[in-house]
Amino acid sequence: MPFQGAHLVDVVVKGNDQLGECTLWCEREEVLWWVDSRGPALKRWNPTDGSVSTTVLPSTVGSVAFRENGGMLAALQSGLYFLDPQSGALQVVAQPEAHLPGNRFNDGRCDRAGRFWAGTMSDAKREPTGSLYRLSADLSCTQIRADVIVPNSISWSPDNRTMYFADTYRQVIRAWDFDLASGEVSNERVFCDTTGHPGRPDGSCVDADGCLWNAEYGGWRLVRYTPAGKIDRVIEMPVANPTCCCFGGTALDTLYVTSATQRLTPEDLARQPLAGSVFAVNPGVRGLPEARFAG
C-alpha cells in the first residue's frame with residue numbers, strides 16, 4: 001500500500017499500535033522487531049512470509065535490545081529486564097528508579113561496545129524527573145544525565161566519536177563527544193534546535209554516511225540531518241506521528257518506521273487511517289547493523 005510523496009512510502013504492517021517504538025532489524029534472522037509501548041507488547045515481522053507475532057508484556061515498554069548470546073533486554077515501566085521474546089519471561093537486571101514509581105523507561109539502544117543506554121520519564125506529567133542511564137555488560141547501571149523530560153533519539157555516529165540524545169519536550173537534539181572504550185560522554189552541545197519545526201524529535205538512527213535520521217512526532221515527516229546538524233532531506237509520511245526508525249533489509253538499505261495512534265481523535269484517525277502502522281522507505285542510502293548488549 002504505497003503512499004506517494006517525495007519518496008515512496010510502503011506499509012509493511014498495517015496496524016493500530018498505540019505507541020509503536022524501537023524498530024530493530026535483526027540481521028541474523030532477517031526480521032524486524034518493535035514494541036507497542038502502550039500495548040504493551042513486543043512484535044516481530046517476517047518479511048519473507050509477512051507473518052507478525054506478538055508477545056504481550058506486563059507493563060509499559062519503552063525499548064528493547066538484542067543480547068549478543070540470544071534473547072533480549074527490555075526497558076519496562078519499573079526497570080531493565082532480560083526478556084525471552086518467545087515466552088515473555090522476564091528476569092530483573094536493574095531498577096535504578098524504584099524510588100520513583102511515577103517514572104518509566106522510554107527510548108533505549110546499545111552502543112557498539114555492547115552497553116545499553118536508556119532514558120526515563122514521568123509517565124503522567126511532563127516534568128524533568130527523568131534520567132539517562134548506561135547499563136554495562138557487568139550489569140552495573142550508571143546515571144549519566146538527570147533533568148530529562150522525554151528521552152529519545154539515542155544513537156551514535158559510524159566512527160563512535162559522537163553520541164546523540166534528544167529531550168523531545170525541549171525540542172533539542174544534543175550531541176556529546178563519545179569514548180567507545182570507556183563509555184564516557186563529554187562536551188555536550190546542541191546538535192539541532194527543532195523549535196519551529198512542525199513536530200518534535202522522537203526516535204533516530206544513523207546511516208553509513210554519518211547522517212542522523214529523526215522521526216518527527218506530530219510533524220508528518222522524517223528528517224535527515226548532516227553531521228553538522230543541517231537538514232538535507234525530508235520524507236513526508238502519511239501519518240502525523242512517526243515515532244522511530246531503523247535501517248533493515250538484507251542490504252540495510254530500507255528505512256523502517258513505526259507510528260502511533262495515542263491521543264488521536266476520531267477525526268484525526270479518519271484523516272490518517274494508517275496511523276499505528278509500520279512503514280518502509282527506500283532512502284537511497286544504507287544503514288549500519290544493530291549493536292547488541294554484551295551482558
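Here are a few exercises on this predicted model, each with a worked solution. Residue numbers start at 1 along each chain as its sequence is written, and side-chain values rest on heavy atoms, with hydrogens and water left out. Since you're working with a prediction, local features need pLDDT of at least 70 and side-chain atom pairs count only at pLDDT 80 or more, while totals for chains, interfaces and linings use all residues.

**Exercise 1. Work out how strand E9 is paired and where its side chains point.**

Solution. Start by finding E9, which covers residues 80–83. Strands here are DSSP runs of at least two residues (E), helices are runs of at least four (H or I), and both are numbered from the N terminus.

Next, look at the partner E8 (residues 72–76): it runs antiparallel to E9, and four bridges join them. Two strands count as paired if DSSP finds at least two bridges between them. To check the register, pick Met72, whose bridge partner in E9 is Leu83. The connection is a hairpin through three residues.

Now turn to strand E10 (residues 90–94), which pairs with E9 over four bridges, again in the antiparallel sense. Here Tyr81 has Val92 as its bridge partner. This hairpin has six residues between its strands, and Gly88 in the turn shows a positive phi of about 85 degrees.

Last, the side chains: Leu80 and Phe82 point one way from E9, Tyr81 and Leu83 point the other way, and all are buried. Buried means under 20% relative accessible area, exposed means over 50%, and partly exposed is in between (1.4 Å probe, protein chains only).

**Exercise 2. Put the strands of the E19-E20-E21-E22 sheet in order and find its edges.**

Solution. The order is E19-E20-E21-E22, an open sheet of four strands with antiparallel pairing. E19 and E22 (231–236) each have a single partner strand, so one side of each is left without a neighbour in the sheet. Further in, E20 (residues 212–217) and E21 (residues 221–225) are joined by five bridges, with Ala215 partnered by Leu222 in E21.

**Exercise 3. Describe the largest pocket and what lines it.**

Solution. First, the size: its volume is about 230 Å³. A pocket is an open set of points on a 1 Å grid over the protein atoms alone, where a 1.4 Å probe fits, with protein on both sides within 12 Å along at least five of seven lines; lining residues have an atom within 4 Å of a point.

Then count the lining: 16 residues, with Val150, Asp202, Tyr217, Gln262 and Arg263 nearest the centre. Strands E11 (103–110) and E19 (200–206) are the elements giving two or more residues to that lining. By type, the lining divides into five nonpolar, four polar and seven charged residues.

**Exercise 4. Track down some unusual backbone spots, and say where each one sits.**

Solution. Begin with the background: most residues other than glycine have a negative phi, and most peptide bonds are trans.

- Gly39 and Pro40 are joined by a cis peptide bond, with omega about -15 degrees; Pro40 is in the loop between E4 (31–36) and E5 (41–45).
- Glu30 has a positive phi of about 55 degrees and lies in the loop between E3 (20–26) and E4. Its relative accessibility is 35%, so Glu30 counts as partly exposed.
- Arg263 has a positive phi near 65 degrees and belongs to the loop between E24 (254–259) and helix H1 (266–271). At 60% relative accessibility, Arg263 is exposed.

Technical notes: Grid points are joined across faces, edges and corners, and a volume is the space filled by probe spheres set on the points. Ala, Val, Leu, Ile, Met, Phe, Trp, Tyr, Cys and Pro count as nonpolar, Asp, Glu, Lys and Arg as charged, and the others, Gly among them, as polar.
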